[in-house]
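Dear colleague,

Please find the structure below, followed by my notes on its pockets and nonpolar cores.

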Amino acid sequence: MSDHLYFKQFELGPMQNYVYLIGSSETRKVAVVDAAWQIDTILRVAAEDDVEITHALVTHTHPDHVGGRFSGIDIEGVIDLLNKCKAKVVVHKSEAEFLKGLSPSDLIKAESGDKIDVGGMDIQLLHTPGHTPGSQCFLVDNRIVSGDTVFIGACGRVDLPGGNPEDLYYSLTQKLMALPDDTILFPGHNYSDRPTSTIGEEKQSNPYFQFHSLKQFLAAMGYR
């Protein structure tokens with residue numbers, strides 16, 4: 001692993017969201033992943049560590065990850081972040097339209113395989129649709145930040161608008177399971193008794209990694 005990687009995981013909000021700061025410990029430039037709930041707290045953590053947020057990476061555009069109105073409450077998000085710091089918002093191109101209130105110059109519309117240079121540290125984007133059409137994970141230095149595509153011992157739901165169980169099956173089996181076993185998994189929510197896992201551990205223990213056919217997976221997800 002790189003000695004120059006800055007990487008911080010912390011939990012915010014009533015839905016147990018994980019927020020990440022990722023970048024270079026040398027240049028002190030970082031990206032925030034899924035800036036939501038408490039923008040001032042995110043900025044305070046960055047200031048305490050003497051790092052500057054230059055990018056806001058979006059795993060997907062559900063309000064608990066980017067801000068907006070959800071279940072009758074207003075959630076702070078990327079718009080509030082950009083009102084307080086200068087950053088580029090990186091979202092998969094298929095979900096860019098859902099980020100209301102941002103100008104085209106604020107956005108980087110990403111595709112799978114793109115790399116974002118954050119202060120000299122490359123973060124690779126991996127398109128993993130299923131939970132939403134534009135769900136994406138971020139791969140850096142043998143670590144994968146998975147959003148709601150996969151959790152420790154579970155996977156994202158597919159019964160919300162835009163969810164697709166077939167897409168999720170292929171994202172899990174063809175993309176995430178293809179990563180090296182020692183890749184460290186950092187999920188989008190604190191739904192487990194530990195904050196991280198590895199791809200190898202999930203192959204052994206995550207029930208959604210155990211299906212050897214799409215038909216089996218769909219049946220387990222309630223689709224016949």
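The lining of the second largest pocket draws at least two residues each from α2 (63–66) and α3 (78–82), helices here being DSSP runs of H or I of at least four residues and strands E runs of at least two, numbered from the N terminus. With 3 residues, α3 gives the most to that lining. This is a predicted model, in which local features need pLDDT of at least 70 and side-chain atom pairs count only at pLDDT 80 or more, while totals for chains, interfaces and linings use all residues. Residues are numbered from 1 along each chain as its sequence is written, and side-chain values use heavy atoms, with hydrogens and water left out.

A pocket is an open set of points on a 1 Å grid over the protein atoms alone, where a 1.4 Å probe fits, with protein on both sides within 12 Å along at least five of seven lines, and lining residues have an atom within 4 Å of a point. The second largest pocket holds about 150 Å³, and G67, G68, I79, F98 and K100 are the closest to its centre among its 14 lining residues.

The largest pocket has a volume of about 280 Å³; of its 16 lining residues, M15, H62, H131, R157 and L160 lie closest to the centre.

Volumes are the space filled by probe spheres set on the points, which are joined across faces, edges and corners.

Turning to contacts (heavy atoms within 4.5 Å), L81 touches V32, A35, I39, L43, I53 and A56, leaving aside residues up to four places away in sequence.

Best regards
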